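Reader: I am new to this structure. Please take me through one part of it closely, the aromatic pairs and the nonpolar core, and keep it brisk.

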Amino acid sequence: VCQYGTVKLGSADAENVVDGILVKTFVVEKAAEGAWDGTTVTEPAQIDGIYQISNGAELAWFAQAVNAGTTNIKSVLTADIDLACYNWTPIGNSSNKLAGSIDGQGHKVCNMAIINTAATTGTGYGLIGYMNGGTVQNLTVEGTIDLTNSASVSNGYIGGVIGACSGSVTLNNVHANVDIT
């Protein structure tokens, strides 16, 4: 289940109050087998210098590598990846933009969640926060981006797949089904 937000109760809920306690029942779905646990980071194997990413822990490692300054790296997805709605840190930031490539090979990254209650000016939000050149292809991204801030935010860059890009970025067969609020 990938839902964040506020629960609002109305007068229709009064019938569910028992001894002064509101009782609500709902079903919580278990994350898919093999879904990312939100913390594990594992370096993926390489074939001919291309990282073979098969799960959320390996994708998280890829994001950390780019965000730490290894920007011109290449990867392919070898399976669908379930991020299980844990808060995702985008690949690439304003200092270290992804300049390599991600080839989804027809796979998808699902249940991506970016929940930020302190969205700031000039920040990139998406599976990839920032790109400078490079290629993304054969990839579908599904999830939620929920950004709020009590102050004004200008120049925020938001996209389901890429928040912001510069240089010559090539996108081919890339799809996003991401709710942005």
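Author: What follows looks at the aromatic pairs, then the core, then one loop residue. Keep in mind that this is a predicted model.

Start with the aromatic pairs. The structure holds four of them. Take Tyr51 and Trp61. Their ring centres are 4.8 Å apart and their planes meet at 45 degrees, so this pair is tilted. A pair counts as tilted when its planes are neither under 30 nor over 60 degrees apart. Tyr51 sits in strand S4 and Trp61 in helix H1, so the pair ties together parts ten residues apart in sequence. Tyr51 and Trp61 are both buried.

Now take Tyr130 and Tyr157. Here the ring centres are 6.3 Å apart and the planes are at 70 degrees, so the pair is edge-to-face. Tyr130 belongs to strand S9 and Tyr157 to strand S10 (residues 157-158), so this pair ties together parts that are 27 residues apart in sequence. How exposed are the two partners? Tyr130 has 8% relative accessibility, so Tyr130 counts as buried. Tyr157 has a relative accessible area of 33%, so Tyr157 is partly exposed. Buried means under 20%.

There is also an aromatic cluster. Its members are Trp36, Tyr86 and Trp88.

Trp88 leads on to the core. The largest nonpolar core has 34 residues, and Trp88 is among those that touch the most other members, along with Leu59, Phe62, Ile91, Met112 and Leu127. Several elements supply at least two residues each: strand S4 (50-53), helix H1 (56-67), strand S7 (101-116), strand S9 (128-147) and strand S11 (162-180). H1 gives the most, with eight residues.

Look closer at Met112. Not counting residues up to four places away in sequence, its contacts include Leu83, Trp88, Leu127, Val141, Ile145 and Val178. Met112 also touches Gly126, Glu142, Gly143, Thr144 and Gly160.

Last comes the loop residue, Asn96. Asn96 lies in the loop between strand S6 (81-82) and strand S7 (101-116). Is Asn96 buried or exposed? Its relative accessible area is 18%, so Asn96 is buried. What does Asn96 touch, beyond residues up to four places away in sequence? The contacts are Val66, Asn67, Ala68, Gly69 and Thr71. One of these also makes a polar approach: the backbone oxygen of Asn67 is 2.9 Å from a polar side-chain atom of Asn96.

Notes: Residues are numbered from 1 along each chain as its sequence is written. This is a predicted model: local features need pLDDT of at least 70, side-chain atom pairs count only at pLDDT 80 or more; totals for chains, interfaces and linings use all residues. Side-chain values use heavy atoms; hydrogens and water are left out. Helices (H or I, at least four residues) and strands (E, at least two) are DSSP runs, numbered from the N terminus. Buried means under 20% relative accessible area, exposed over 50%, partly exposed in between (1.4 Å probe, protein chains only). A polar contact is a pair of N or O atoms within 3.5 Å; within protein, one must be able to donate a hydrogen and the other to accept it, and residues adjacent in sequence count only if both atoms are side-chain atoms. Contact means heavy atoms within 4.5 Å. A nonpolar core is a set of buried Ala, Val, Leu, Ile, Met, Phe, Trp, Tyr and Cys residues joined through side-chain atoms within 4.5 Å. Rings of Phe, Tyr and Trp (its six-membered ring) pair if their centres lie within 6.5 Å; planes under 30 degrees apart count as stacked, over 60 as edge-to-face and the rest as tilted.
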